Amino acid sequence: MAPRDDSIPSQSQSPAALPSSDASAPPVAPAHDRDKFREMPVRLLGYANEVGESFRPLVPRWLVNGSYALSGGYVLTDTAWRVATVPGQTALTREAAVEACDTLVWQALASVIVPGALINRVVWAAGRMSRGPRWMPTAVGLGCVPFIVGPIDHGVNYLMDVGVRPFYSKGKDSRESSD
């Protein structure tokens with residue numbers, strides 16, 4: 001697995017607390033704000049579907065689908081944990097809703113959709129090109145997993161920064177201006 005990069009805000013900080021996009025000062029979470037679901041070994045559960053996709057040529061379909069269920073459970077658990085740890089929250093607030101949306105979209109893309117589709121196509125291509133043993137596409141798929149994590153996380157974070165997160169602050173600004 002690729003090393004954690006503190007320059008990815010979604011790995012270390014709530015989107016509601018993100019500063020402006022100042023490249024000179026990457027946001028870093030305080031030591032007490034450690035993200036248990038993205039910085040600890042439980043993060044590996046998010047990659048269960050990549051393992052399932054890698055084994056697709058060798059195992060029954062229900063096992064591959066089960067790997068997606070495990071990854072989906074990880075995504076939902078991380079979302080619930082992130083919402084529950086929004087500072088000062090006593091009820092469902094805008095900050096909690098933003099946190100839930102940001103985490104759910106980021107995790108769904110970075111942990112399930114993009115890597116699952118990528119590994120699926122890698123294993124398919126390896127199977128079409130391989131004349132070796134039946135397990136060769138599985139080995140190729142598993143071998144790709146450590147190399148795709150960092151680039152996918154960065155790509156999804158960029159997509160979120162330019163395509164999704166700007167709407168969080170716009171909604172807040174328009175609501176504040178109407179007060």
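Hi everyone, let me start with one residue: serine 71 counts as buried, because its relative accessibility is 0%, and the cut-off for buried is under 20%. Before I go on, please keep in mind that what you see here is a predicted model.

So where does serine 71 sit? You'll find this residue in helix α3, which covers residues 61-84.

Now, what does the side chain of serine 71 make a polar contact with? One partner is the side chain of asparagine 49, at 3.0 Å. There is also a backbone atom to look at: a polar atom of the serine 71 side chain lies 3.4 Å from the backbone nitrogen of alanine 48. Leaving out residues up to four places away in sequence, serine 71 touches Leu45, Gly46, Tyr47, Ala48, Asn49 and Val112.

Let's zoom out to the chain. It has six helices and zero strands, so to speak an α-α-α-α-α-α run from the N terminus on. Of its 179 residues, 35% are buried. Among contacts with a separation of 6 or more, 71% join residues 24 or more positions apart. The chain exposes about 10100 Å², and 66% of that comes from carbon and sulfur atoms.

A friendly word on confidence, then. The mean pLDDT of the chain is 78, with 70% of residues reaching 70 or more. Residues 1-32 have pLDDT below 50, and this stretch makes 57 contacts in the model beyond near neighbours in sequence. Residues 173-179 are also below 50, and there the model shows one contact beyond near neighbours in sequence.

That's my tour; thanks for listening!

How values were computed. Residues numbered from 1 in each chain as written. Predicted model: local features only at pLDDT ≥ 70, side-chain atom pairs only at ≥ 80, totals over all residues. Heavy atoms only, no water. Helix = DSSP H or I, 4+ residues; strand = E, 2+ residues; numbered from the N terminus. Buried < 20%, exposed > 50% of the residue type's maximum accessible area, 1.4 Å probe, protein only. Polar contact = N/O pair within 3.5 Å; in protein donor to acceptor, adjacent residues only side chain to side chain. Contact = heavy atoms within 4.5 Å. pLDDT = per-residue confidence, 0-100. Areas by Shrake-Rupley, 256 points an atom, 1.4 Å probe, with all protein chains shown as cover.
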